[in-house]
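Q: I should like to learn how to read the sheets and cavities of a protein model. May we take them in turn, general idea before the case at hand?

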Amino acid sequence: MRLTVGQAVVRFLHNQWTERDGERQRLFAGCLGIFGHGNVAGLGQALLQDDFLPYVLARNEQAMVHTAVAYARQKDRLRTWACTASVGPGSTNMLTGAALATVNRLPVLLLPSGTFATRVAGPVLQELEVPHAADVTVNDAFRPLSRFFDRVNRPEQLPAALLGAMRVLTDPVDTGAATIALPQDVQAEAYDWPDELFAERVWRIRRPAPEQADVADATAIIRTARTPIVVAGGGVHYSGAEAALEAFAAATGIPVAETQAGKGSLPHGHPRAMGAIGSTGTTAANALAREADVVIGVGTRWSDFTTASRTAFQHPDVRFVNVNVASFDAGKQSGLAVVADAREALTALAAALGDYTVDAGYQDRQGTLSREWDAKVDAAYHPPAGTTAPGVLTQGTVLGCVNELSDPRDVVVCAAGSMPGDLHKLWRVRDRKAYHVEYGFSCMGYEIPGGIGVKLADPGRDVFVLVGDGSYLMNPTELVTAVQERVKIIVVIVQNHGFHSIGSLSESLGSQRFGTAYRYRDPATGRLDGDKLPIDLAANARSLGATVIEAHSRAELEQAIKDAKAWDNGPIVIHVETDPTIHAPDSEAWWDVPVSQVSELDTTRAAYDTYLAEKKAQRPLLAPSHRKDAE
């Protein structure tokens with residue numbers, strides 16, 4: 001079959017499938033892209049000629065990777081998109097998206113274009129010249145950000161590159177960004193391909209069972225526990241292990257706390273559901289974490305927010321059992337590694353534990369702590385009248401209105417600023433796929449393209465994109481893509497005239513919110529502490545084709561949400577202003593952000609003293625969890 005390299009790529013991708021638990025689905029939903037001279041005659045021509053892959057025109061290359069990644073997450077990593085970009089800046093714009101995908105262990109295929117492999121006319125437009133290494137291109141920057149990287153300089157190299165990328169995209173351990181760099185001349189080059197390259201291929205998503213010895217060791221450790229806790233991570237969702245976790249928690253009485261990626265592993269209101277853990281956790285989960293003698297991590301990579309920078313677990317003899325499909329993560333915190341699929345491991349552990357259960361007093365304490373936190377959430381969602389100036393709401397009010405007026409299956413999307421932390425601790429999740437906060441890379445600008453990806457993956461749900469003004473300004477342009485594709489997303493822009501999250505952090509570190517507000521430069525001080533900038537984000541969203549509702553009170557916001565729910569013609573934006581000085585309830589947990597050790601500022605010196613005091617609770621967590629003397 002004589003095809004160009006671009007045509008061969010499109011035909012090959014069309015014939016890739018995944019299978020798990022007997023269910024098959026196409027691996028690629030389509031191709032997102034922006035054409036330039038580096039790909040318009042190669043992959044662009046192929047997508048036009050062979051209508052195998054739906055094509056979506058994006059407005060920003062970083063954003064289109066976010067859309068693909070969000071789609072993959074909503075599909076539990078069983079499906080994704082390919083992304084094509086032109087030479088030079090088009091391709092390097094995808095670097096942040098590549099890092100986000102790899103950090104979050106989410107599959108996406110990146111097809112950056114490269115300058116001429118033949119070098120016949122070099123240096124060409126947008127080519128990087130490296131005097132000591134003529135084979136280096138800007139696409140080499142993808143190497144540390146990708147779980148797989150290859151450059152196809154000859155058509156004969158394409159089959160191996162494609163098969164290598166598919167292996168990574170469908171491996172729950174190795175998945176992340178897979179990058180195949182395609183020089184612009186090679187994309188258009190013809191070659192006689194063997195027919196079998198384009199045969200249907202089914203990539204089975206593995207469910208490795210745990211080793212019996214690991215189950216026995218884990219069971220022995222858990223049986224010694226009086227105050228154990230489960231920490232559920234994203235691996236619970238990707239494995240589809242929610243039912244197995246619920247059965248495990250119900251049988252044992254062990255409470256379940258959740259990471260950002262694991263939120264929704266148990267629905268709000270479940271007697272064992274303690275909510276978020278760590279720096280942005282609930283006081284219920286964090287109180288139990290401090291007392292836990294055994295911590296069972298399921299599908300978590302143990303980030304610093306989850307462990308409160310290794311201050312969350314204070315029991316002197318705490319031990320960890322880590323269930324993870326990746327040995328890299330299973331070995332963290334010096335834990336006993338149970339390297340297995342989350343669903344399979346939880347099922348095996350529940351069976352091995354038999355009639356083990358925590359005592360009634362510990363279960364009662366879980367209920368008491370959970371009810372106390374729920375009362376705090378109610379207060380944050382419904383602050384008393386007069387808490388803010390007229391026309392301004394609290395962020396808690398905004399989250400509460402959306403949470404209470406959305407349907408149980410509706411999805412909330414967020415990524416950066418103060419809202420991810422508030423959502424983690426406050427949001428009441430009622431469905432396993434209803435919470436989508438990207439907090440591995442916490443990338444400003446992810447929200448709108450991410451919302452598009454979620455909606456494309458799951459069109460039967462309404463998608464609420466909660467985005468602060470700072471993050472909105474990073475990447476508003478994909479509203480145009482949503483208008484173009486008639487993708488309904490409900491975007492709630494929370495305007496607080498600056499960087500709420502970093503402003504609060506700056507103040508706590510003694511840096512006085514310096515450089516975090518959207519204000520004019522004051523001639524008298526020379527600093528950005530003058531009047532507020534006259535920014536009108538509602539007008540900006542209208543100019544991009546979105547329908548916009550402006551809300552200035554709780555009643556107006558509630559009506560706007562109802563109107564948005566009834567809307568069915570593309571993106572709709574709700575604009576609301578909030579007071580950045582009113583915070584969500586405290587998590588009673590810490591996050592390690594170093595403070596300047598010397599300073600002329602009293603505020604910084606005071607913050608450093610506080611930092612040293614908090615630092616004393618930090619633990620290395622190096623003691624082996626599988627210790628005979630502890631059993």
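A: Let us begin with strands and their pairing. Helices (H or I, at least four residues) and strands (E, at least two) are DSSP runs, numbered from the N terminus. Two strands pair if DSSP finds at least two bridges between them. The model is predicted, so local features need pLDDT of at least 70 and side-chain atom pairs pLDDT 80 or more, while totals for chains, interfaces and linings use all residues. Residues are numbered from 1 along each chain as its sequence is written, and side-chain values use heavy atoms, leaving out hydrogens and water.

Q: Over how many bridges do strand β7 and strand β9 pair?

A: Strand β7 (residues 108-114) and strand β9 (residues 177-183) are paired in the parallel sense over 5 bridges. Within this pair, L109 is opposite A178 in β9.

Q: In what order do the 6 strands of that open sheet stand?

A: The order is β5-β4-β6-β7-β9-β8, with parallel pairing. Since β5 (55-57) and β8 (148-151) are at the edges with a single partner strand each, one side of each has no neighbour in the sheet.

Q: Which strands does helix α6 lie across, and how is its direction described?

A: For angles, axes are lines fitted to C-alpha atoms, for helices over the stretch in contact (heavy atoms within 4.5 Å). Angles run from 0 to 180 degrees between N-to-C directions. Helix α6 (residues 158-169) lies across β4 (28-33), β7, β8 and β9, and runs at about 170° to β8.

Q: What is the strand order in the open sheet that includes β14?

A: This open sheet of 6 strands reads β14-β13-β12-β15-β16-β17, and its pairing is parallel. β14 (273-276) and β17 (336-339) are the edge strands, each pairing on one side only. Helix α10 (residues 242-252) lies across β12 (229-232), β13 (256-258) and β15, at about 170° to β12.

Q: How many cavities of 30 Å³ or more does a search of the whole structure find?

A: A cavity is a set of points, on a 1 Å grid over the protein atoms alone, where a 1.4 Å probe fits but cannot get out; lining residues have an atom within 4 Å of a point. Grid points are joined across faces, edges and corners, and a volume is the space filled by probe spheres set on the points. The search finds 4 such cavities, and the largest has a volume of about 60 Å³. Its lining includes R73, H237 and Y435.

Note on methods:
On a 1 Å grid over the protein atoms alone, a cavity is a set of points where a 1.4 Å probe fits but cannot get out, and a pocket is an open set with protein on both sides within 12 Å along at least five of seven lines; lining residues have an atom within 4 Å of a point.
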